[in-house]
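Biologist: Could we go through this structure together? I should like to begin with how its helices pack.

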Amino acid sequence: MALRRNNTDEIIVVNAGRGMPAALATKLMKESGARVVAVSAANDPFFTIYPAFAAWHSGMEWIAPGELETALAIADVCIIGGEDHPDAVSLLHDGADLPARYPQLVIARMTGFGAAAPDLPAVDLLVQARSGMVWEHRPDRPIALGCLLPTYGSVLLTVLGIWTALVERLDSGLGQLVQSSMFQGGAMFWGPYWMIPHTPTPEIMKFQPRGARHLTFQCADGGYVQLAPGAAGSLAKLYAVLEIPVAVDPAARGTPDVRGGLANYFGDTALLEKHIARFQRDDLLRRLWAQGFAADAVLKPGECWDEPQAQSGLYLQSDAEGTRYVGPLIRMTIRPDSEGEGDNDPGAQCAGVGPLSGVRIVDFGAVVAGPYASALLADLGADVIKVEPLAGDFTRERLRTTIIANHGKRSIALDAKDESDARTIQSLCRSANIVHHNFRVGVAERLKLDRQSLRDGNPKLVTLHSSAYGEVGPKATFPGLDMVIQAYCGHEHRSGGEGNPPLCGRSFFVDYVAAGAGAIAMVRGLFEQRSRGRGGDFGTSLLEAGLFLVAELIQTDGRFKGAPPLDHEQAGFDPHERIYETSDGWIAIAARGAAMQTRLLNFLREIDGALTAPLSSAAVAACFASLRTHELLDRLHAADIWSVACAEDGWRDLAEAAAQQGQPMLREIAVPGECVVTGWFGPLFHMSRSELEYSRGASPALNEHGTQIRMELA
């Protein structure tokens, strides 16, 4: 039966892509209200690679490859590219001819490296290795990421690009090509580290060093806890709970200090370890939570699924056979057509360059999960006004994070408890298209910035609340930071590797995913506002982000499948797709499919004729250890075995190669009072028609634009 539209308002997405990136992108599009049609492929290898692959396609329609052209004629979006596998069918190739044939179509092309290295295979581990991500944890050797950050990042960028192009199409009537890559997706998580100061200053050089030990400790019962000081007074609370007889500043946050060295960067680990070892894990956590201290248990992937918090919302879903899998990343409620006019068209006063030019966002966010969401939209032309307390956002102490999360914005400092400033806040919110915050649950209501209060003055407003553990459930009001959600959702267990202690990620990747989800939610709401004159209330959380990052996991008949931990050496998940040491460096291989794995075995037998299948990591490592990196790679390439060198800081030459192809990825901005820095400022994806403003300047000084903004509201 030919594909037909059910109504004129629906957004139809055709998934003609491959593997996990394309599947998760279409899952997010479906969860944000689109109708998704997937093109079936015989013997698709990804159904075997990822146990959750079928669950990702739950509720989607299927068409045969021969029906693809008919579907594209009525579709709004087509996703192409994705993940490489020698046995996977490639449909539509690079999509270069699609815009001319289907001018209404938004084409989302997902690649491994984009213009930086178009000939390299799109495999997550190869992206990690070639870009240098594998070098970001330890100072002495590379390790694989326990979470597939390049893949997840590319999914978020693709979906953000799709909704942005759909918003732009409302004015132009035309689709366009949106291109993102795993390389750019991975770069989203490393912004504070992948930054080049032209004149290093003491403040710009303050960042977490590789190898710094996090506050992850084993309790008396063998269970682990993750601690996350950071709030004012948190260090005193921690010492009081642990009964440590040491005087500390009652206002101290427990701020990281490089003077403590790698072992004590986050605190006195020997002292904390000694006292924590006296407690049973659950008892310690109850005591910490009673004091409002951010902490949680280090659990295996899926272990939190049966906890009351995960059971309290839509965090998990089940299919007809009872298989459980990760639920939506974003919650949304579209409000019916509003009566009355909402003053949410700031128009020329915030006009600029980019597909979101003319859009005003009022940002009450702090740290990363809140403000980085709107920074992604500032890069697309939105006028983002950062509202800070009079003392400023406390994360201004971390200059690199501040630059990444707040570049391109305007700043105004206001006291929400002051009557005059409260009126200014309300005027700002009435003038906005979008208002968002990441306050703890209950704070917005006290400040009259809750959804109901905001839409009373602006019926068509889009609101976003990014919370910690979600807005309902027994932990809804708990403090939550990236590290504790990494622990709770199983990421530290995966990253630690088989038989090793848990490992907290150096990148606050849960924060960045929550921010990416927030950016998608805001643009999705803007589409509703612009196309149908309706407002919407959106939500996401660190918990939903943490669960999304183990989307490979399913539970069938009580047993979990997918999302395994790294091996003991933290080098990979499988001997055929792993990091190996050579005589003078490190390489990563990805021998995918039976034919390539046979070629690898034959190659290894040239070195050790006694080898037999199945291969072990130790056997492969022994063969590679005596060979020089370049020699080994030349021979592997000649045998058509996918492989790359583990290049420390490889992101630099990759970005330079992309710039030479007309797709710049790095930008320069001037940091007032500091220096010029080169880094990942500007959109992390490319659009074929829309002009993108790649840098609107550094993060603003506190209240830098206060007078200007007040004049606009007068």
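Modeller: Certainly. Please keep in mind that this is a predicted model. A suitable place to begin is helix 18 (residues 482-489) and helix 20 (residues 509-532), whose axes come within 7 Å and cross at roughly 95 degrees.

Biologist: Why give both an angle and a distance?

Modeller: Two packed helices are described by the angle between their axes and by the distance between those axes.

Biologist: Are helix 18 and helix 20 roughly parallel or roughly perpendicular to each other?

Modeller: Angles from 65 to 115 degrees count as roughly perpendicular. Helix 18 and helix 20 are therefore roughly perpendicular to each other.

Biologist: Which residues make the contact?

Modeller: Helix 18 contributes D482, I485 and Q486, while helix 20 contributes F509, V510 and D511. By class, the residues of this contact are three nonpolar, one polar and two charged.

Biologist: Now for aromatic rings. How many aromatic pairs are found in the whole structure?

Modeller: The search finds 21 aromatic pairs. One of them joins Y372 and Y512: the ring centres are 5.2 Å apart and the planes stand at 85 degrees, so the pair is edge-to-face.

Biologist: Where do Y372 and Y512 lie?

Modeller: Y372 belongs to helix 13 (residues 371-378) and Y512 to helix 20, so the pair ties together parts that are 140 residues apart in sequence.

Biologist: Let us turn to empty space. How many cavities of 30 Å³ or more are there?

Modeller: Four such cavities are found in the whole structure. The largest has a volume of about 80 Å³, and the second largest has a volume of about 50 Å³.

Biologist: Which residues line the largest cavity?

Modeller: Its lining includes H137, I143, C147, S495, L503, F509 and L566. F509 is also one of the residues in the contact of helix 18 with helix 20. The lining of the largest cavity divides into eight nonpolar, four polar and no charged residues.

Biologist: And what lines the second largest cavity?

Modeller: The second largest cavity is lined by L28, E31, S32, L329, I330, M332 and I520. Five of these residues are nonpolar, one is polar and one is charged.

Biologist: What about pockets? How much space lies in the second largest pocket?

Modeller: The second largest pocket holds about 630 Å³ of space. It is lined by 29 residues, of which I49, Y50, F573, E577 and R592 are the closest to its centre.

Biologist: Which helices and strands each supply at least two residues of that lining?

Modeller: Helix 6 (124-131), strand 22 (572-574) and helix 22 (593-605) each do so. The lining of the second largest pocket comprises 14 nonpolar, eight polar and seven charged residues.

Biologist: Next, the backbone. What is usual for phi and for peptide bonds?

Modeller: Most residues other than glycine have a negative phi, and most peptide bonds are trans. In this model, phi of E243 is near 60 degrees, a positive value in a residue other than glycine. E243 sits in the loop between helix 9 (234-242) and helix 10 (269-276).

Biologist: Which peptide bond is cis?

Modeller: The bond from A613 to P614 is cis, with omega near -5 degrees. P614 is in the loop between helix 22 and helix 23 (617-624).

Biologist: One last item: where is G585?

Modeller: G585 lies in the loop between strand 23 (577-581) and strand 24 (586-590). Its C-alpha atom is separated by 9.3 Å from that of R141, although G585 and R141 are 444 residues apart along the chain. Leaving aside neighbours within four places in sequence, G585 is in contact with Y580 and T629.

Notes: Residues numbered from 1 in each chain as written. Predicted model: local features only at pLDDT ≥ 70, side-chain atom pairs only at ≥ 80, totals over all residues. Heavy atoms only, no water. Axes fitted to C-alpha atoms, helices over the stretch in contact; angles between N-to-C directions. Helix = DSSP H or I, 4+ residues; strand = E, 2+ residues; numbered from the N terminus. Parallel < 35°, antiparallel > 145°, perpendicular 65-115°, else oblique. Contact = heavy atoms within 4.5 Å. Nonpolar A, V, L, I, M, F, W, Y, C, P; charged D, E, K, R; others polar. 1 Å grid on protein atoms, 1.4 Å probe; cavity = no way out; pocket = protein on both sides within 12 Å on 5 of 7 lines; lining within 4 Å. Points joined across faces, edges and corners; volume = space filled by probe spheres on them. Phe/Tyr/Trp six-rings, centres within 6.5 Å; stacked < 30°, edge-to-face > 60°.
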